[in-house]
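Work through the exercises below with the coordinates open. Each task is followed by a solution in steps.

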Amino acid sequence: MTIHPAYGCTLGCIYCYVKPNTKKGIEVNKLGGPELVTALSLNPHFLPGKWGTFIALGSITECFLNEEVTAKTIEYMYWINKELGNPQQVSTKMIIRPEISEKILSMGDPYLSVLISITSINMANLLEPRAPPPIERLNNAHYLNSIGLRTSVFIRPILPGVTDKENEILLRESLRFGIKELVLGSLMINTWIMSKIDKLGLPVLSNEIKSRAKSMDRSRLSPIYASDLKQAMKRAAESLGFVVYPAACAANVASHSQSCYMCDYGPCGNTSNLPEIEDEKELFEIIGVKVKEAFLTDEQRLYVKTSSPLLKHVVSLVKTSTRRRLVIKQ
Ligand code: SF4
């Protein structure tokens with residue numbers, strides 16, 4: 001589940017879907033920490049607790065954009081950790097200063113999963129005009145790791161013809177700063193993002209993206225086809241000893257020493273650590289679902305046969321609490 005300390009961003013990264021919000025460019029979330037906790041607790045899709053819903057901070061803002069947003073981010077981390085305990089993750093391009101890192105460790109989530117986003121080193125000035133230089137981000141990642149904050153490089157978005165061509169340098173520089181954990185992320189586009197990319201005047205990049213676009217809507221975001229690039233980048237990284245996570249949530253799982261097999265990308269983390277299910281049938285009956293049959297398969301799928309309709313939030317809560325894939329037969 002994504003939590004937003006603010007709305008909007010002023011970094012102006014060309015490929016990004018986040019627009020400046022209001023004249024100031026950003027609007028800090030008005031909800032205080034205790035109110036956020038209440039809102040989450042009332043959300044039927046949210047499971048509180050250490051083994052509850054994975055939390056990702058940001059996604060429609062930059063969590064450390066300025067003092068005000070940073071303070072809100074720390075406030076949310078603190079209250080989530082104090083009252084709920086869910087595993088938290090943040091992705092950023094900003095430099096997290098020592099005093100902020102100390103606050104994360106002492107007041108926020110000490111096992112916070114930090115993702116340092118990078119797309120390109122050579123073309124960062126053009127693509128991310130107001131973000132700190134990628135080498136400074138990697139240097140910051142090195143510092144964060146050194147004080148005990150588990151930090152991975154998030155190569156996202158993979159811009160075809162740019163990021164994949166720089167894979168070697170991205171990996172080499174990450175290693176130079178002691179980062180050996182990686183997440184790869186695809187580009188999401190709509191016509192607005194495409195028009196910003198077109199304005200760069202890089203026809204190779206524009207054409208490559210258009211040829212890989214599955215669809216191009218005015219507002220809805222769609223991922224471009226990039227599995228081939230991801231696979232090649234993953235192979236190169238693994239040959240250098242990187243751990244390549246299949247998705248951002250897997251880095252969150254590792255950072256919190258948990259395990260998960262909620263989707264076919266898994267298993268992630270230490271599978272011997274998956275939550276035990278004492279009585280599969282009872283698990284459903286506790287939440288008011290009558291089942292004919294329920295058991296765990298050898299492949300760690302939770303199989304359930306029921307004539308009752310399973311609401312979306314019930315499915316999500318069962319998957320989250322058991323960290324298993326669910327097979328429903330009706
Ligand atoms: S199994 Fe799927 S949902 Fe769970 S951490 Fe891995 S990638 Fe994420």
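The exercises deal with a predicted model and cover its ligand site, its domains and its unusual backbone geometry.

**Exercise 1. The ligand site**

Task: Find which residues surround the ligand, and describe the make-up of this shell.

Solution:
- Step 1. Take the residues with a heavy atom within 4 Å of the ligand. The selection gives C249, A250, V253, C260, Y261, M262, C263, Y265, G266 and C268.
- Step 2. Sort the shell by residue class. Nine residues are nonpolar, one is polar and none is charged. Gly counts as polar and Cys as nonpolar in this scheme.
- Step 3. Assign the shell to secondary structure. Helix α10, residues 248–255, supplies the largest share, three residues.
- Step 4. Place the ligand among the pockets. The second largest pocket holds the ligand.

**Exercise 2. Two domains and their interface**

Task: State the bounds of the domains, then describe how much area is buried between domain 1 and domain 2.

Solution:
- Step 1. Read off the domain assignment. Domain 1 is made of 2–187 + 226–259, and domain 2 covers 275–329.
- Step 2. Compute the separation of the C-alpha centres, which is 32 Å for domain 1 and domain 2.
- Step 3. Count contacts, with heavy atoms within 4.5 Å as the cut-off. Twelve residues of domain 1 touch eight residues of domain 2.
- Step 4. Evaluate the buried area. It comes to about 720 Å² between domain 1 and domain 2, with 63% from carbon and sulfur atoms.
- Step 5. Break down the domain 1 side. H45, L47 and W51 lose the most area to domain 2, and together they make up 59% of what that side buries.

**Exercise 3. Backbone exceptions**

Task: Which residues are joined by a cis peptide bond, and what is the phi of S59?

Solution:
- Step 1. Recall the usual case. Most peptide bonds are trans, and most residues other than glycine have a negative phi.
- Step 2. Check omega. The bond between R156 and P157 is cis, with omega about -5 degrees. P157 belongs to the loop between β7 (151–155) and α6 (167–176).
- Step 3. Continue along the chain. G266 and P267 are also joined by a cis bond, with omega about 0 degrees. The loop between β12 (259–260) and β13 (268–269) contains P267, and G266 is one of the residues around the ligand.
- Step 4. Check phi. S59 is not a glycine, yet its phi is positive, about 80 degrees. S59 sits in the loop between β4 (55–57) and α2 (67–83).

Conventions:
Residues are numbered from 1 along each chain as its sequence is written. This is a predicted model: local features need pLDDT of at least 70, side-chain atom pairs count only at pLDDT 80 or more; totals for chains, interfaces and linings use all residues. Side-chain values use heavy atoms; hydrogens and water are left out. On a 1 Å grid over the protein atoms alone, a cavity is a set of points where a 1.4 Å probe fits but cannot get out, and a pocket is an open set with protein on both sides within 12 Å along at least five of seven lines; lining residues have an atom within 4 Å of a point. A molecule sits in a cavity or pocket if more than half of its atoms lie within 2 Å of its grid points. Helices (H or I, at least four residues) and strands (E, at least two) are DSSP runs, numbered from the N terminus. Domain bounds come from an automatic or database domain assignment. Buried area is the accessible area (1.4 Å probe) that two parts lose on being put together, summed over both.
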